[in-house]
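Notebook open, coffee poured. I want to look through this structure and jot down what I find.

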Amino acid sequence: MLASRIKVSSYRSPILEPEEYADRFSSTVTNGFIALEIAIGYKLGLFCSLNEFTSPVTTTELAISCKLKERYVREWLGCMSAAGFVSITPDDKYFIPEACKPHTESSKLASVFPHIAANTSSVLECFKEDGPKGYDYSNQLDTLMWLDHDKKSCDSKWINENLFPVGHIETGIKQ
C-alpha cells in the first residue's frame, strides 16, 4: 500500500475535512456559473451601463440603456445581486456602489470563459489514449490576442514568450 507509506507532510496542499472539501467544491462550481454571468454582463455592456448611472435603476431602465430585453436583464440582475455584485434597494432598483465600480473592470477577463468553454470538447479528446497528441490553439488565436486588446488585461510579452514558442498557431501543444 503505497498510499499508506506517504507522509502527510509530503503533500503540498492541505488535506481538507470532508465538509470543507464539499463546501469548497460546491462553491467553485457555483462560482464558475457566476463567472459566466459576469462574462455576459461585460459582453452586453451591463456593467458599463450600471457604472454610468449615478442612482439606482429599474430593470427596465437598464434594459433600455443597453438595448436589451427587460426579462433577461432582470434575470441577470437577480444572479448578480444574489452573488453580491449588484446591490438592490427596497423598491427593487439596482446599483453598484461607487467604491466598487472600478472593480468591475475584471469582468473583461471573465468574458474569455465562454470562448474557452466552447473548446472543451477538443481538450477532452486530447486526454483520450487514442486522441490527438496535442491541443491546437490556432482556433483560439482571437481569444488569446483579445487578452491583450487594451494592453492592461494581459501582458503581451507573456503571450509572446509563453504561447507563441509552443507553436500554438501551427501545431498546438505536443506531449
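**Entry 1: one helix and its end**

I started just past the end of α5, where Gly 84 follows the helix with a positive phi, near 90°. Note to self: this is a predicted model.

Then I went back to α5 itself. The helix runs over residues 70-83, which makes 14 residues. From first C-alpha to last I get 20 Å, close to the 20 Å expected at 1.5 Å a residue.

Which residues of α5 are buried? I find Val 73, Trp 76, Leu 77 and Met 80. They sit on the same side of α5, because they cover an arc of only 100° around the axis.

Next I looked up what that side packs against. The partners of the buried α5 residues are three helices and a strand: α2 (18-43), α3 (46-52), α4 (59-66) and β2 (94-95).

**Entry 2: the core**

I looked for the largest nonpolar core and got a set of 18 residues. Leu 50, Leu 62, Trp 76, Leu 77, Met 80 and Val 86 have the most contacts inside it. At least two residues of this core come from each of α2, α3, α4 and α5. The largest share is from α5, with four residues. As a background reminder, nonpolar side chains tend to be buried together in soluble globular proteins.

I picked Val 86 for a closer look. Setting aside neighbours within four places in sequence, I list Leu 50, Leu 77, Met 80, Ser 81, Tyr 94, Phe 95 and Ile 96 as the contacts of Val 86. Among them, Leu 50, Leu 77 and Met 80 are also on the list of core residues with the most contacts.

**Entry 3: a serine in α3**

Is Ser 49, in helix α3, buried or exposed? Ser 49 counts as buried because its relative accessible area is 8%, under the 20% cut-off.

What does the side chain of Ser 49 pair with? I find a polar contact of 2.6 Å to the side chain of Ser 65. Leaving out neighbours within four places in sequence, Ser 49 is in contact with Leu 62 and Cys 66 as well as Ser 65. Leu 62 is one of the residues with the most contacts inside the core.

**Entry 4: cysteines**

How many disulfides does a search of the whole structure find? My search came back with zero.

I also checked how open two of the cysteines are. Cys 79 is partly exposed, at 24% relative accessible area. Cys 100 is partly exposed too, with a value of 38%.

Key:
Residues numbered from 1 in each chain as written. Predicted model: local features only at pLDDT ≥ 70, side-chain atom pairs only at ≥ 80, totals over all residues. Heavy atoms only, no water. Expected span 1.5 Å × (residues − 1). Buried < 20%, exposed > 50% of the residue type's maximum accessible area, 1.4 Å probe, protein only. Arc of directions from axis to C-beta. Contact = heavy atoms within 4.5 Å. Core = buried A, V, L, I, M, F, W, Y, C linked by side-chain atoms within 4.5 Å. Polar contact = N/O pair within 3.5 Å; in protein donor to acceptor, adjacent residues only side chain to side chain. Disulfide = S-S within 2.5 Å.
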